[in-house]
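Me: I'd like to go through this protein with you, one question at a time. Could you show me the structure before we start?

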Amino acid sequence: MAGGEEHEHEHGASCRLESILTDTSAPLAERAWAAGTVELRLLARLAAPAVVVYMINFVMSMSTQILCGHLGTLELAAASLGNTGVQTFAYGLMVRRHYV
């Protein structure tokens, strides 16, 4: 989707949301439900990539620990510490990059 189309889509959603909330002919519960649906669609588009990345990271970490658990307890402990260290380092880079 091009930048202009995406901006137009977001603008259309905010117009829909405003029209839902200002329509006093519908009951409050119906308006709240419709507004929540519009908001959830927008949030799902924003959150979906983060959820996918989190799940991939979790599965990689879990599979590494499962395979290392078959080797022995020392290897499992080393893999667990390594995964935690790498994840902490990556999170530190992400936070540092955000604030710089």
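Me: Let's begin with N83: is N83 buried or exposed?
Reply: Keep in mind that this is a predicted model. N83 sits in helix α3, which covers residues 73-99. Its relative accessible area is 17%, and buried means under 20%. So N83 counts as buried.

Me: Which side chain does the side chain of N83 make a polar contact with?
Reply: Setting aside residues up to four places away in sequence, N83 touches S61, T64 and Q65. A polar contact links the side chain of N83 to another side chain at 3.4 Å. That partner is S61.

Me: Okay, zooming out: in what order do the elements of the protein chain run?
Reply: The secondary structure comes to 3 helices and 0 strands. Going from the N terminus on, the order is α-α-α.

Me: What percentage of the residues of the protein chain count as buried?
Reply: To count as buried, a residue needs a relative accessible area under 20%. The chain has 100 residues, and the buried share of them is 11%.

Me: And how much of the exposed area do carbon and sulfur atoms supply?
Reply: The protein chain exposes about 8,300 Å². Of that area, the share from carbon and sulfur atoms is 69%.

Me: Which helix gives the largest share of the largest nonpolar core?
Reply: That core has 5 residues in all: A13, L17, I20, A35 and V38. Both α1 (3-22) and α2 supply at least two residues of this core. The largest share is 3 residues, and the helix they come from is α1.

Me: Which residues is A35 in contact with, leaving aside its neighbours within four places in sequence?
Reply: A35 is one of the residues of the largest nonpolar core, and so are L17 and I20. Once the sequence neighbours within four places are left aside, the contacts of A35 are L17, I20 and L21.

Me: Is R31 buried or exposed?
Reply: R31 is found in helix α2. Not counting residues up to four places away in sequence, R31 touches I20, L21, D23, T24 and A26. Its relative accessible area is 16%, so R31 is buried.

Me: How far apart in space are E39 and A13, C-alpha to C-alpha?
Reply: E39 lies in helix α2 and is partly exposed, with a relative accessible area of 34%. A13, for its part, belongs to the largest nonpolar core. The two are 26 residues apart in sequence, while their C-alpha to C-alpha distance in space is 8.5 Å.

Me: Last bit, the surface: is Y54 buried or exposed?
Reply: Y54 is found in helix α2, residues 28-69. Exposed means over 50% relative accessible area. Y54 has 56%, so the word for Y54 is exposed.

Me: What area does the nonpolar surface patch with Y54 have?
Reply: Y54 shares this patch with V51, M55, F58, V59, M62 and I66. Together they make a nonpolar surface patch of about 680 Å².

Conventions
Residues are numbered from 1 along each chain as its sequence is written. This is a predicted model: local features need pLDDT of at least 70, side-chain atom pairs count only at pLDDT 80 or more; totals for chains, interfaces and linings use all residues. Side-chain values use heavy atoms; hydrogens and water are left out. Patches are made of residues with over 30% relative accessible area and no salt bridge: like charges are joined within 9 Å, nonpolar side chains (Val, Leu, Ile, Met, Phe, Trp, Tyr) within 5 Å. Accessible areas come from the Shrake-Rupley method with a 1.4 Å probe; for residues, only the protein chains shown count as cover. A salt bridge is a side-chain nitrogen of Lys or Arg within 4 Å of a carboxyl oxygen of Asp or Glu. Helices (H or I, at least four residues) and strands (E, at least two) are DSSP runs, numbered from the N terminus. Buried means under 20% relative accessible area, exposed over 50%, partly exposed in between (1.4 Å probe, protein chains only). A nonpolar core is a set of buried Ala, Val, Leu, Ile, Met, Phe, Trp, Tyr and Cys residues joined through side-chain atoms within 4.5 Å. Contact means heavy atoms within 4.5 Å. A polar contact is a pair of N or O atoms within 3.5 Å; within protein, one must be able to donate a hydrogen and the other to accept it, and residues adjacent in sequence count only if both atoms are side-chain atoms.
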